[in-house]
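The following exercises are to be solved from the sequence and the coordinates. Each task is followed by a worked solution in steps.

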Amino acid sequence: MALGNVMARLAGLVTVLLLVVSLTGCLGREQPLYTAEQHHMPAMAQSLSLDQIRDVISRAAIDRGWVVERQANNTVRVKLSARGHVAVADVSYSKEAYSITYVDSENLLYDGRMIHRNYNRWVMQLEKDIEAALQKAAL
């Protein structure tokens, strides 16, 4: 095989590898939107009043850096701004369960199904924080 052919094949292989690496990096940022749906209330927390549940959810969100705005019908709207990104979600709750649902975002690549992985990470952290705060409040 001539040196020119080897170099051409090597250049083609390098190009393909660079393309795969760059696509993997871009695709890895977006994930299907995560929604915490009907996360069951810890058994002991079911004895809390709805006002107490609202306050616990609000405190957990504030402690994680979210801005909290009360809404009607057992819902708290939360907003997180981080490094030029904004996430807005509603936390609806009852004595049996709570849910965290997407409302809006800025610079998080949301297309109706997929969103930047940071949104999912933030919502999962908030979900864990709410769970821990509810368990602690029920003691």
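**Exercise 1.** Determine whether Arg-121 is buried, partly exposed or exposed, and state which patch it belongs to.

*Solution.* Step 1: The relative accessibility of Arg-121 is 39%. Step 2: Buried means under 20% relative accessible area, exposed over 50%, and partly exposed in between (1.4 Å probe, protein chains only); Arg-121 is therefore partly exposed. Step 3: Arg-121 lies in helix α3, where helices (H or I, at least four residues) and strands (E, at least two) are DSSP runs numbered from the N terminus. Step 4: Together with Arg-29, Arg-83 and Arg-117, Arg-121 forms a patch of positive charge on the surface. Patch members have over 30% relative accessible area and no salt bridge, and like charges are joined within 9 Å; a salt bridge is a side-chain nitrogen of Lys or Arg within 4 Å of a carboxyl oxygen of Asp or Glu.

The model is predicted: local features need pLDDT of at least 70, side-chain atom pairs count only at pLDDT 80 or more, and totals for chains, interfaces and linings use all residues. Residues are numbered from 1 along each chain as its sequence is written, and side-chain values use heavy atoms, with hydrogens and water left out.

**Exercise 2.** How many aromatic pairs does the structure hold, and which residues do ring pairs link into a cluster?

*Solution.* Step 1: There are two aromatic pairs. Rings of Phe, Tyr and Trp (its six-membered ring) pair if their centres lie within 6.5 Å; planes under 30 degrees apart count as stacked, over 60 as edge-to-face and the rest as tilted. Step 2: Tyr-102 and Tyr-110 are 4.2 Å apart centre to centre with 35° between the planes, a tilted pair. Step 3: For Tyr-102 and Tyr-119 the centres are 5.6 Å apart and the planes stand at 70°, so this pair is edge-to-face. Step 4: The latter pair links distant parts of the chain, with Tyr-102 in strand β6 (residues 97–106) and Tyr-119 in helix α3 (residues 117–137), 17 residues apart. Step 5: Ring pairs thus join Tyr-102, Tyr-110 and Tyr-119 into a cluster. Step 6: Tyr-102 and Tyr-119 are both buried, whereas Tyr-110 is partly exposed at 30% relative accessible area.

**Exercise 3.** Where is Asn-107 found, and what is its phi?

*Solution.* Step 1: Asn-107 sits in the loop between β6 and β7 (114–116). Step 2: Although not a glycine, Asn-107 has a positive phi of about 60°. Step 3: Its relative accessibility of 53% makes Asn-107 exposed.

Definitions and conventions: Patches are made of residues with over 30% relative accessible area and no salt bridge: like charges are joined within 9 Å, nonpolar side chains (Val, Leu, Ile, Met, Phe, Trp, Tyr) within 5 Å. Accessible areas come from the Shrake-Rupley method with a 1.4 Å probe; for residues, only the protein chains shown count as cover. Lys and Arg count as positive and Asp and Glu as negative; His and the chain ends are not counted. The place of a charge is taken as NZ of Lys, CZ of Arg, CG of Asp or CD of Glu.
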